[in-house]
Amino acid sequence: MSDKLNPNDRELSFKERILRDLEMLKSQIPEEEDNSLRPEFDQSYTENVHSEEQNETIFYGQPDESRGDDTVAPSSDYSALKEQLLEKLNASHLEKVVAQDEIFTETSPIENASSEQNVTGFKELPDFDSEADYNQREQFAHQTHKVDLTFKAEATSDEDFVEIERSVPPVPKRAVDSIAQDLERPVHMHSEQPVSRRSRSQVVEKKPKKAKKSKTKRIVAAIFGTLLLALLGTAVAGYFFVRSSLGPVDSKATDYLQVEIPRGSSVKQIGQTLEKAGLIRNATVFDLYVKFNNHTGFQSGFHNLQKSMDLDTIIDTLKKEGTEAPVVPALGKVTIPEGYTLKQIATAIEVNAASSNQEKSPFTADEFMQVVTDDAFISEMQAKYPDLLGSLPTADTGVLYRLEGYLFPATYEYQSETTVKQLAEQMLAAMDANLRAHYSTIAAKGMTVNQVLTLASLVEKEGSTDEDRQKIASVFFNRLQWGMPLQSNIAVLYAEGKLGEKVTLAEDASINTQIDSPYNVYTRLGYMPGPVDSPSLSAIKATIEPAQTDYVYFVADVTTGQVYFARTLEEHEVNVQTYVNSKIESSTPAQ
């Protein structure tokens, strides 16, 4: 029902109007027996109030039928409800409620009469300072309590009256409690900003989803980060594992270990054999490394290896031919370079060539020189290697060292029981083995092994390429055939005791060609008593099979090593001035 109120009612305060409305509400609700719940009803009430600043319309929404017994029966419980509401209202707080309360709030001035605000009271929400928070409270209250308070301002004709409609259904008790509690809390709201209406259900559903989604993202990120760290750690560990597997098992080890590689062994089986012997760290890494680098050609048999060898060194060793029977593992090695004199060889055997830091071998230079100059040892070796030492020069020929040039330049292994005598014999045996295929050719040419080794020792020092060595050998043979002295500076330097030492260009050019020595091939015709160094197999072959030329002179460029040949003395003197003397003069500082 609705009716018009007297305009004088505008003088009533807001609190008084609330009390009046509550009394009217009570009088319009019929009595019911036994406090039973009354069905939903609508009651209209119209009141005209004139105000210069604002007009208010309060609309109470429909009840929530799902609340069941929570709905208050107006006939019996309304008085208690009223008392509860009045108890929570107080005069000191009323002005703040009228100005800011989230349930009973003032609307826009009459000139903004078209604006509309829906505000819903609800329990246990914090204060708000923004439009977003305000809308959130409104939507939550609407869902929770089913209480809608709408303030509408409409300009009427002459007297600016506002029609106020109230639709009052049975009010749930929890909604009234919430309203009463909210009336006691101040609310900070910027009323000048328009408030949009949104469904609280959207907010209630979205926030948990966002929280859940954010939590899921954090979990996924944590799992992904953990997996990434695990993969990174595995990769780093794998890298260092493979790297260590490629290196030596013990870089300081000096002992040799002997392993047998059976014929027909696969790479995998070879790796397992090496791992079992403790020579490599991991057979799988060996297998993958060999296959990745396409290593092939592994030889069967017995091989002597060391734990100080890295994977590449072991692979290279296994590609060499193994022995059919076990061989005592080598303790070390000595290396004799090509062109070394006997004294240089004696110094070289003091060093273990197998060590990376120039460790000493068990041999000494003095002991070695005593052995190779011992007549008893020489006689023993002549009997053992007659083809090699049958033309060995005797002491009365003026030879400095009888075995000079007969020790083959190579690398030799030694064991813990190896003696200096055995080491020297290995070198003689190696020379005999390399010349065995040439003994018949040497004899067919009417030469002796001593003559071949003597010329080869000069060819070794004078030339650096096979072609040059063959031409140099042809020059020596041409000079011998035509009755000319060999005239090699190498022989004179040996006579002076300087061969093998570092000699400057000036010293080489100023050698004593008049020295009284059987090695002075400037003043003596024919061969020297014997070799001056241990020639390489290349120099020996060039001497046995020289080039066919008519050259009788040669000189080497002191800066490039290029050899220039001449048929006449005039050509030779031009070459000497161009490639030797001019460069010696340019390098000599002015006085």
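In this report a pocket is an open set of grid points, taken over the protein atoms alone, with protein on both sides within 12 Å along at least five of seven lines. The model described here is predicted, and its two leading pockets are taken in turn.

The largest pocket holds about 1200 Å³ of space. It is lined by 43 residues, and those closest to its centre are E462, N489, D508, V555 and A556. Several elements give two or more residues to this lining, namely the helices α16 (449-462), α17 (466-481), α18 (489-495), α19 (505-509) and α21 (569-587), together with the strand β9 (553-556). Among these contributors, α21 gives the most, with seven residues.

The second largest pocket has a volume of about 750 Å³. Its lining consists of 31 residues, of which Y256, Q306, M309, K333 and E413 lie closest to the centre. Here at least two residues each come from β5 (256-261), β6 (301-306) and α9 (311-318), and the largest share, four residues, is supplied by β6.

The table sets out the lining of each pocket by residue class.

| Pocket | Nonpolar | Polar | Charged |
|---|---|---|---|
| Largest pocket | 22 residues | eleven residues | ten residues |
| Second largest pocket | seven residues | 16 residues | eight residues |

Read by row, the lining of the largest pocket has 22 nonpolar residues beside eleven polar ones, whereas the lining of the second largest pocket has seven nonpolar residues beside 16 polar ones.

Terms used
Residues numbered from 1 in each chain as written. Predicted model: local features only at pLDDT ≥ 70, side-chain atom pairs only at ≥ 80, totals over all residues. Heavy atoms only, no water. 1 Å grid on protein atoms, 1.4 Å probe; cavity = no way out; pocket = protein on both sides within 12 Å on 5 of 7 lines; lining within 4 Å. Points joined across faces, edges and corners; volume = space filled by probe spheres on them. Nonpolar A, V, L, I, M, F, W, Y, C, P; charged D, E, K, R; others polar.
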